[in-house]
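Subject: Structure handover

Hello,

The structure is below, with its sequence. My notes on it follow.

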Amino acid sequence: MKNALNQFRFMGLVEGGSLLLLLFVAMPLKYFFGMPEVVSVVGALHGGLFTVYVLMIVYATFAVRWPFRFTVGALAVAFIPFGNFILDKRLENWKQLKAA
């Protein structure tokens with residue numbers, strides 16, 4: 001359980017970071033500096049990481065046996081900037097409660 005949860009948390013941070021990179025670096029470069037190729041590269045990277053993240057949600061759901069609301073929440077936060085970082089903090093707290 002511990003390993004699956006840690007793997008999921010790591011993947012969430014990587015995917016969340018790629019979303020922030022896409023929104024706050026690649027998109028401004030495209031629209032303010034006329035560099036659309038940056039969005040093509042970062043967007044493809046983010047898409048691949050998102051796919052792996054969704055697979056990690058499915059894996060963690062069964063391996064950790066967390067409540068269904070965590071599954072829905074994990075998917076929802078992937079669309080919100082900084083959402084994965086907030087989820088990571090909540091999962092850390094949840095893990096500590098389960099360990100106690």
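To begin with helix H2: its 29 residues reach 40 Å from the first C-alpha to the last, close to the 42 Å expected at 1.5 Å a residue. Helices (H or I, at least four residues) and strands (E, at least two) are DSSP runs, numbered from the N terminus. The expected span is 1.5 Å times one less than the number of residues in the helix.

Some conventions before the rest. This is a predicted model, in which local features need pLDDT of at least 70 and side-chain atom pairs count only at pLDDT 80 or more, while totals for chains, interfaces and linings use all residues. Residues are numbered from 1 along each chain as its sequence is written, and side-chain values use heavy atoms, with hydrogens and water left out.

Overall make-up

The chain has four helices and zero strands, in the order α-α-α-α from the N terminus on. Along the principal axes, its C-alpha atoms fill a box of roughly 50 × 20 × 20 Å. Of the 100 residues, 36% count as buried (buried is under 20% relative accessible area, exposed over 50%, partly exposed in between; 1.4 Å probe, protein chains only). Taking contact as heavy atoms within 4.5 Å, residues 24 or more positions apart account for 73% of the contacts with a separation of 6 or more.

The chain exposes about 6200 Å², and carbon and sulfur atoms supply 72% of that area (Shrake-Rupley method, 1.4 Å probe; for residues, only the protein chains shown count as cover). There are 9 positive and 4 negative side chains, and the centres of the two sets lie 14 Å apart. Lys and Arg count as positive, Asp and Glu as negative, and His and the chain ends are not counted; each charge is placed at NZ of Lys, CZ of Arg, CG of Asp or CD of Glu.

Helix H1

H1 covers residues 2-33, and its 32 residues should span 46 Å at 1.5 Å a residue; the end C-alpha atoms are 44 Å apart, which agrees. A kink of about 35° is centred on Leu22, the bend being the angle between axes fitted to the seven residues ending there and the seven starting there. Gly34, just after H1, takes a positive phi of about 65°.

Helix H2 and its cover

The buried residues of H2 are Val38, Val39, Val42, His46, Leu49, Tyr53, Met56, Ile57, Ala60, Thr61 and Val64. Their cover includes H1, helix H3 (68-77) and H4. His46 counts as buried because its relative accessible area is 12%. Beyond residues up to four places away in sequence, His46 touches Glu15, Ser18, Leu19 and Leu22, so the residue at the centre of the H1 kink is one of its contacts.

Val64, also in H2, is buried at 7% relative accessibility. Its C-alpha is 6.6 Å from that of Leu5, although the two are 59 residues apart in sequence.

Loops and helix H4

Arg65 follows H2 and belongs to the loop between H2 and H3. Its phi is positive, about 60°, although Arg65 is not a glycine, and at 72% relative accessibility it counts as exposed. Phe82, in the loop between H3 and H4, is likewise not a glycine and has a positive phi of about 70°; at 46% it is partly exposed.

Asn93 sits in H4 (residues 83-99) and is partly exposed, with a relative accessible area of 37%. Asn93 and Trp66 are 27 residues apart in sequence and 13 Å apart in space, C-alpha to C-alpha.

Regards
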